[in-house]
Amino acid sequence: MFGYGSLIWRPDFPFADRKEAHLPGFARRFWQGSHDHRGVPHAPGRVVTLIADTASRCKGVAYLIEHEVFDHLDHREKNGYERIDVTLEFADAHDDGVVYVASPHNIAFLGPAPSERIVAQILDSHGPSGSNLDYLLQLAAALRDIDADDEHVFELEALARSRAQHHGHQLLG
């Protein structure tokens, strides 16, 4: 099972193994609404999904899990995400995997927007799992930990830090 967002730093499920992996043909984007974790129904946050992009390779982590764990993950990823079968690239091999993707056709999909608007929404959003800003900062830190280069996430992080500090917010990390 491939994780490319909060599953990188917050795997709340048992797993037998964890390895860095790439998913070719996809790019990570803050284009999915979060009505249940990093926002609320009337004020959704923004979380990542994968967008088909033949020129991209999304770096994340792959978990070896028992089939029963999917019951938990199906609930965790219920707000517009669906499981799809993929081929993952590891340092020394390729293997079959599964990933949760929120397609542009789901009800919570927000789609592209200017970076300033995405960051404004992230800074204003909070849900049962915490602030949307925390999600962005945790993701950026987790991507650095696995040496992933993600222009989209790092641009949003820099803009969010700048705007948050300008407004006198203390940031961790």
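Helices here are DSSP runs of H or I with at least four residues, strands are E runs of at least two, and both are numbered from the N terminus. The model is predicted, so local features need pLDDT of at least 70 and side-chain atom pairs count only at pLDDT 80 or more, while totals for chains, interfaces and linings use all residues. Residues are numbered from 1 along each chain as its sequence is written, and side-chain values use heavy atoms, with hydrogens and water left out.

**Stop 1: the cavity**

Select β2. This strand provides the largest share of the lining of the largest cavity, 3 residues. A cavity is a set of points, on a 1 Å grid over the protein atoms alone, where a 1.4 Å probe fits but cannot get out; lining residues have an atom within 4 Å of a point. Grid points are joined across faces, edges and corners, and a volume is the space filled by probe spheres set on the points. The count comes to 1 cavity of 30 Å³ or more. The largest cavity holds about 290 Å³ of space. Its lining has 23 residues; Ser6, Val47, Glu77, Tyr81 and Tyr135 lie nearest its centre. Show α1, β2 and β3 together: these are the elements that give two or more residues to that lining. By class, the lining splits into 9 nonpolar, 8 polar and 6 charged residues. For these classes, Ala, Val, Leu, Ile, Met, Phe, Trp, Tyr, Cys and Pro count as nonpolar, Asp, Glu, Lys and Arg as charged, and the others, Gly among them, as polar.

**Stop 2: the aromatic rings**

Stay on Tyr135. The structure holds 6 aromatic pairs. Rings of Phe, Tyr and Trp (its six-membered ring) pair if their centres lie within 6.5 Å; planes under 30 degrees apart count as stacked, over 60 as edge-to-face and the rest as tilted. Add Trp9. The Trp9 and Tyr135 ring centres are 5.5 Å apart with planes at 70°, so this pair is edge-to-face. Trp9 belongs to helix α1 (residues 6–9) and Tyr135 to helix α4 (residues 132–145), so the pair ties together parts 126 residues apart in sequence. Colour by relative accessible area: buried means under 20%, exposed over 50%, partly exposed in between (1.4 Å probe, protein chains only). Tyr135 is buried at 5%. Trp9 is partly exposed at 21%.

Now select Phe13 and Phe15. Their ring centres are 6.1 Å apart and their planes stand at 65°, so this pair is edge-to-face. Phe13 is buried at 6% relative accessibility, and Phe15 is partly exposed at 36%. Then add Phe30 to Trp9 and Tyr135: these residues form one aromatic cluster.

**Stop 3: charges over rings**

A charge sits over a ring if NZ of Lys or CZ of Arg is within 6 Å of the ring centre and within 35 degrees of the ring normal. Pick Lys19 and Phe90. The charged end of Lys19 is over the Phe90 ring, 5.0 Å from its centre. Next, pick Arg144 and Phe154. Arg144 lies over the face of Phe154, 4.3 Å from the ring centre.

**Stop 4: Glu157 and Asp147**

From Arg144, move to Glu157, in helix α5 (residues 151–166). Glu157 has 6% relative accessibility and counts as buried. What does Glu157 touch, not counting residues up to four places away in sequence? Its contacts (heavy atoms within 4.5 Å) are Leu136, Leu137, Ala140 and Arg144.

Step back to the loop between α4 and α5 and select Asp147. Asp147 is exposed, at 66% relative accessibility. Check its phi: near 55°, a positive value in a residue other than glycine.

**Stop 5: Leu64 and the second largest pocket**

Select Leu64 in strand β3 (residues 45–64). Leu64 is exposed at 54%. Leaving aside neighbours within four places in sequence, Leu64 is in contact with Phe15, Ala16 and Asp17. Measure C-alpha to C-alpha from Leu64 to Arg18: 6.5 Å in space, with their positions 46 residues apart in sequence.

Finish at the second largest pocket, whose volume is about 270 Å³. A pocket is an open set of grid points with protein on both sides within 12 Å along at least five of seven lines. Of its 15 lining residues, Met1, Tyr63, Leu64, Asp95 and Asp96 are the closest to its centre. Elements giving two or more residues are β2 (17–34), β3 and β5 (94–102). β5 gives the most, with 4 residues. This lining has 9 nonpolar, 1 polar and 5 charged residues.
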